[in-house]
Amino acid sequence: MKSSGWWLVSVYVMCFHSSLILAIKRIVVNYSSQNLSSVPPGLKPSTEDLDLSLNRIQTLSGKDFSTTPLLHFLNLSWNILENIDMDTFNSTPALEILDLSHNRLQNLSDQLYLLKAGNLQYLDLSSNMFSVMALGKEFSTLKSLQWLGLSAISIANKDFANIANHTLKTLFINTDKLQKYEERSLMEVHAEKAIIALSDRDLDIAIAGDVFASFKEVEFTKVDSEMKVLQQVRRRGAVRTVSLEISQVKTTWEILTGSVNTIFASVIQRLSFSGLTMTKMGNGKPVSSSRMLESFSTSRASVTEFLFDQKELYNFFINMPAKNVSLTQTPIIFMTCPWNVSKIEVLDLSDCALTENIFSVGPDMECRTLTNLEKLVLRGNNLKHLGPLTSRIHLMDSLKHIDLSQNKLTYYEDQGKCVWPKVVHVDLSSNEFDQSIFKCLPDSIRILNLRNNRVTSVPPDLRDLEDLSLLDLTDNRMLDLPTCQAFPNLQKLLVRSNSLHLPRPGALETCPHLKDLDLSRNPFICTCALREFTNLINNKATQTPGVTLGHWPEGYRCSYPESRSNTMLKDFYLPEISCDGRILAVTILIPTITLVVAVGLLCHRLDVPWYLKMMWKWTRVKHHAITSQKKSEDMEGLRFHAFVSYSQKNADWVKAQFLPKLEGNCGLRVCYHERDFIPGRTIVQNILRCIEQSRRCVFVLSSHFVQSEWCHYELYFANHQRVMRGMDSIILILLEPLPSYLIPSKYYQLKAMMSRRTYLEWPQEGAKQKLFWANLRAALQASLPVSSEREEE
């Protein structure tokens, strides 16, 4: 068995008003698949959504839900329910969604519990053990019912009499176990849409005929391979259906194209296929009707035959006489150009495998027959280069909206000049663009979506885009606010979730027409430099009615310094004295001068200068005594030129760069812990041994280094060894920028060494790396004793 929970959610989303979908967003109390034989006692009064599916519950009593007055959603599918007390839902006046499918309920005329569930909007009773479809009088009390799911062994006239005065949004009938159907039975039901799960038996023909005559929207699932039910659209004189969806069908190309021609001969305006599998290609029939459909869509289509003429497939879809054509979630790699001027206005080819060669006719020719196309959706394909792609579409004269999101698109000037039609809405979100994309935009653009890319700035030499009114740069890498010099009429700017630390207030002053601004979820550094910007956005949020600041104030918080972390910008305040140098100087200098004079007088009285003079002389004498000795370095006991300390997250750099450059032809010996630590000894013993036997200690510094506890110990031992030897034996390599505020306080010795700039910086440019290695080798070069075999315990 399999749960109908996801089916419930998907149908609910499709069939109900958007305000009701909020129920799905709440947290569901989940008791599914717990082998329960009854409703668990002690349900919390706050319970709103409850899932009891896939259990062994046989009976519902009148007290099962007495503690859940807020219950809104209840899923009891895939149990063994046989009896439901008529008072079961006495205490659940808010219940709107009830799934009782796949149980053992036996009489549709005796569901008395429904008398206490008058607010139900969704009710699924399908796949139970109902022998007849006769609905009891209790169904007439469900005035709010919008979705009803049923099934039975027999369907007869008058079975739906008790809901004849109701108008449903959707009627779902599963005919899997249906054995008898009386014609015209379904014509008593008033519903906007019918979903029929067919049985692949002769009864399907009669049901289809009544469905086409009764419902404006029809969906058939599990259609037979010959699609016989579709022939009913021309056998009935009064066909009301204008929208038809076929799902989960396996057929041949010949039958599919023939069935589509049958649909074209009817009054149906919208036709869609989902879960379509074609088992055999060939002998297809082109569309023979001149009638235009409103829409034709196919999703999740596949072909099981390995070798076939793909152009026949592509030509059938692209030459479809419909205003809206959709071919989605299908592994097509190409799309042809229509033979004649197409009347397609909206073309959706999202979630396929298309490349930028789409619609290409030849090396020197582009598609000229899609001149009526107004909207093109190529979301979620395999597009990589934007420049060539614009050549495919530049002859689409009517194109206004293009969606290229969720691809791998980039743009660089070597891709060539971009040639766009006069599109006004371009969606380039979720690609791999950087700031070069601004050099490949149409002059006519009004709405630009660059969400989730790699843009760090807006180029200053950008040509004017006078019509641009909305610019979405959410989830990029913007370091500062863009100016509106190139967008003089910009009305909405979204720079949410970027890398804005200290935005320039002057950038907003260049946007005279700006009405909506969203800078939330940026890592603002709350220092004096941010005061002017904070005052500006505070004014825009509170004093300027013409500008709306999105997600203010909750979305605007300090990220640094730590003392103000998570503080809202509206509460950020620094006193004038902290930011005005003149006031600060006067405030500090007067006490300082007073203190210096007082200390000077005290020192003179206590003869402090004399003591300092004596200490200085002693230090000079001591220094002279040490330096006058012969400067020869004691190499006894040293086995390595250097011991390297690094974070494990920088191991790739050490293995690929550090070791090959120093060992090999250079003759240097590096103590590398993965190779030279002695098994059986503790880590601390190995660290001490390696530091004592190494002439130098090299530390590879990064943000990961200062987070490693073992790196802290290695630095501590090496610094201690430096003091004992009386020489500077530590070399620091800065692998990446490491601001002092990122270094924990326990690394105070590291801060002191870095403040004197006693470190080498790893250059990213290849030309500078040779000098880096030369300097490092020179610092490590020395004549060590011949290395002996590894010492034994």
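I take a polar contact to be a pair of N or O atoms within 3.5 Å. I apply this cut-off to a predicted model, and the entries below record what I looked up in it.

**Entry 1. Overall counts**

I began with the whole protein. I find 16 helices and 34 strands in its secondary structure. Of its 793 residues, 49% count as buried. I also looked up the contacts with a separation of 6 or more, and residues 24 or more positions apart account for 61% of them.

**Entry 2. D159**

I located D159 in the loop between β9 (154-155) and β10. Which polar atom does the side chain of D159 approach at 2.7 Å? I find the backbone nitrogen of A156 at that distance from a polar atom of the D159 side chain. The pair is within 3.5 Å, therefore I note that its distance meets the cut-off for a polar contact.

I then checked the charge of D159. The residue is buried and has no salt bridge. The nearest side chain of opposite charge is that of K180, 9.4 Å away. A salt bridge requires a side-chain nitrogen of Lys or Arg within 4 Å of a carboxyl oxygen, so K180 does not supply one at that distance.

Leaving aside neighbours within four places in sequence, I list M133, A134, L135, S154 and E188 as the contacts of D159.

**Entry 3. Strand β8 and its partners**

I next examined β8, residues 147-150. W147 and G149 point one way from this strand, while L148 and L150 point the other way. Are these residues buried or exposed? I find that all are buried.

On pairing, I record that β7 (residues 122-124) runs parallel to β8 and is joined to it by three bridges. Within this pair, Y122 has W147 as its bridge partner. β8 also pairs with β10 (residues 168-174), again in the parallel sense, over four bridges. There I find G149 opposite F172.

**Entry 4. Q111**

I placed Q111 in the loop between β6 (97-99) and β7. Why do I count Q111 as buried? Its relative accessible area is 4%, and the category requires a value under 20%. A polar atom of the Q111 side chain lies 2.5 Å from the backbone oxygen of N107. Not counting residues up to four places away in sequence, Q111 touches L105, F130 and E138.

**Entry 5. W78**

I found W78 in the loop between β4 (73-75) and β5 (83-84). This residue counts as buried because its relative accessibility is 13%. I also looked up its separation from L52, which is 26 residues away along the chain. The C-alpha atoms of the two are separated by 8.9 Å.

**Entry 6. T277 and helix α5**

I located T277 in strand β15, residues 270-280. With a relative accessible area of 14%, T277 is buried. How far apart in space are T277 and S302? I read 5.0 Å, C-alpha to C-alpha, for residues 25 apart in sequence. S302 is also among the residues that T277 touches, with V249, K250, T251 and T304, when residues up to four places away in sequence are not counted.

Strand β15 led me to helix α5, residues 310-318. In α5 I find L313, Y314, N315, F316, F317 and I318 buried. The buried residues of this helix pack against β15, and also against α4 (253-264), β16 (293-299), β18 (322-328) and β19 (346-348). At the start of α5, I note a side-chain oxygen of D309 that reaches to within 3.2 Å of the backbone nitrogen of K311.

**Entry 7. The five-stranded open sheet**

I turned last to an open sheet of five strands. I read the order as β31-β30-β32-β33-β34, with parallel pairing. Its edge strands are β31 (670-671) and β34 (759-761), and each pairs on one side only.

Inside this sheet, I followed β32 (residues 694-701) and β33 (residues 730-734), which pair in the parallel sense over five bridges. V698 has I731 in β33 as its bridge partner. Helix α15 (residues 748-755) packs on the sheet and touches β32, β33 and β34. Its direction makes about 80 degrees with that of β33. I also looked up helix α13 (residues 683-692), which lies across β30 (640-645), β31 and β32. Helix α13 runs at about 120 degrees to β32.

How values were computed. Residues numbered from 1 in each chain as written. Predicted model: local features only at pLDDT ≥ 70, side-chain atom pairs only at ≥ 80, totals over all residues. Heavy atoms only, no water. Buried < 20%, exposed > 50% of the residue type's maximum accessible area, 1.4 Å probe, protein only. Helix = DSSP H or I, 4+ residues; strand = E, 2+ residues; numbered from the N terminus. Pairing = 2+ DSSP bridges. Lys, Arg positive; Asp, Glu negative; His and termini not counted. Polar contact = N/O pair within 3.5 Å; in protein donor to acceptor, adjacent residues only side chain to side chain. Contact = heavy atoms within 4.5 Å. Axes fitted to C-alpha atoms, helices over the stretch in contact; angles between N-to-C directions.
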